[in-house]
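Visitor: I'm new to this structure, so could you take me in for a close look at one part? I'd like to hear about charged side chains that pair up.

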Amino acid sequence: MNIQTLTLQGTAEWNEDALVVNPGVSMYGVLDGATSLHPFRGPDGETGGYLASRTIQRYLESLQAEDLKGIDLMEAVVQANVRLREKMKEAGVDLTDPAALWTSALAVVRIHDRYIEYAQAGDCMIAASYADGTVRTVSRDQVAHIDYESKKIWEEGLRTGVQTREELWELVKPHIRNNKTRMNTLNGYSVLSGQPEANDLIEYGRINRIQLRSMLIVSDGLFPPKTSAQPPADGIGELVTLIEKMSLEGYAKWLMDLEAEDKECRKYPRFKVSDDKTAVLIRFDAE
């Protein structure tokens, strides 16, 4: 088994993505923190999104084989969500206010001899590639419909003559603020937030390893750029193909170059010039 990882900071002050690499229990994944709408800073200036992803990362990477006896990956992720709630409580965060919560998307797998467990929340994604060339999207982007609504507002701003990313962001911000009230609800989206409701909305399961060639786990900062807002698509096959063609590092460089050429986010509607980018690519070919 060969494992490649990548993590690149975007244009924000802190890299709110994090890798999960715990070879002792064959657990690998990515996290994508999101800063609370009510500003929060840790003792060293850390954002809530940074603290969320690092809290979950540290917990999952601390697990040893004896910790996982009798529990599955899903329960480990639930416990990570509990740890996040505890950290926010210690920091004095108002746990009753969704806009104050530190949050993180997650996609993580645990590899066994004959099967693979997975768990996912938010817009981090998992894809499996097989020996016959087929690509299977294991996860569902839980945030895609929310992003689509926001990007339609962005595009409308462009049509009416708004020129700068800052002005476009001001148009979209009220919608994004309202979306926080939909967090971990049936008409919204799932994300690890310390809320008990999140535990029921984590997706999880297992796939077998028959003919499995590789698995790709990514944060949304690596999604291929689109020139217009598009309804939620089924899967990330295009991304898998591009990475196979360019390599993980080559694709990331190509994407960041495109983003740098579109600093006002006009050609490719998005909320940051460059989002953080994190991935794990696991190849089973050598086994």
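Guide: Here is a walk through some of the salt bridges, followed by a short stop at a pair of helices. This is a predicted model, where local features need pLDDT of at least 70, side-chain atom pairs count only at pLDDT 80 or more, and totals for chains, interfaces and linings use all residues. Residues are numbered from 1 along each chain as its sequence is written, and side-chain values use heavy atoms, with hydrogens and water left out.

Side chains of opposite charge can pair when their charged atoms come close. A salt bridge here is a side-chain nitrogen of Lys or Arg within 4 Å of a carboxyl oxygen of Asp or Glu, and by that rule the count is ten.

Let's start with Lys-277 and Glu-259, a salt bridge whose closest N and O atoms are 3.0 Å apart. Lys-277 sits in strand β10 (residues 277-283) and Glu-259 in helix α7 (residues 248-260), so this pair ties together parts that are 18 residues apart in sequence. (Helices are DSSP runs of H or I with at least four residues, strands are runs of E with at least two, and both are numbered from the N terminus.) Lys-277 is buried, at a relative accessible area of 0%, and Glu-259 is buried too, at 8%. Buried means under 20% relative accessible area, exposed means over 50%, and partly exposed is in between, using a 1.4 Å probe and protein chains only.

Next up, Arg-270 joins Asp-262 in a salt bridge, with 2.7 Å from N to O. Arg-270 counts as buried at 12% relative accessibility, and Asp-262 counts as buried at 7%.

Then there's Lys-272 with Asp-275, a salt bridge at 3.4 Å from N to O. Here Lys-272 is partly exposed at 32% relative accessibility, whereas Asp-275 is buried at 18%.

Now for the helices. Helix α3 (residues 144-159) packs with helix α4 (residues 165-179) at an angle of about 150 degrees, their axes 9 Å apart. That makes α3 roughly antiparallel to α4, a label for angles over 145 degrees, while under 35 is roughly parallel, 65 to 115 roughly perpendicular and the rest oblique. Where they touch, with contact meaning heavy atoms within 4.5 Å, the α3 residues include Ile-153 and Trp-154, and those of α4 include Leu-168 and Trp-169.

Note on methods. Axes are lines fitted to C-alpha atoms, for helices over the stretch in contact, and angles run from 0 to 180 degrees between N-to-C directions.
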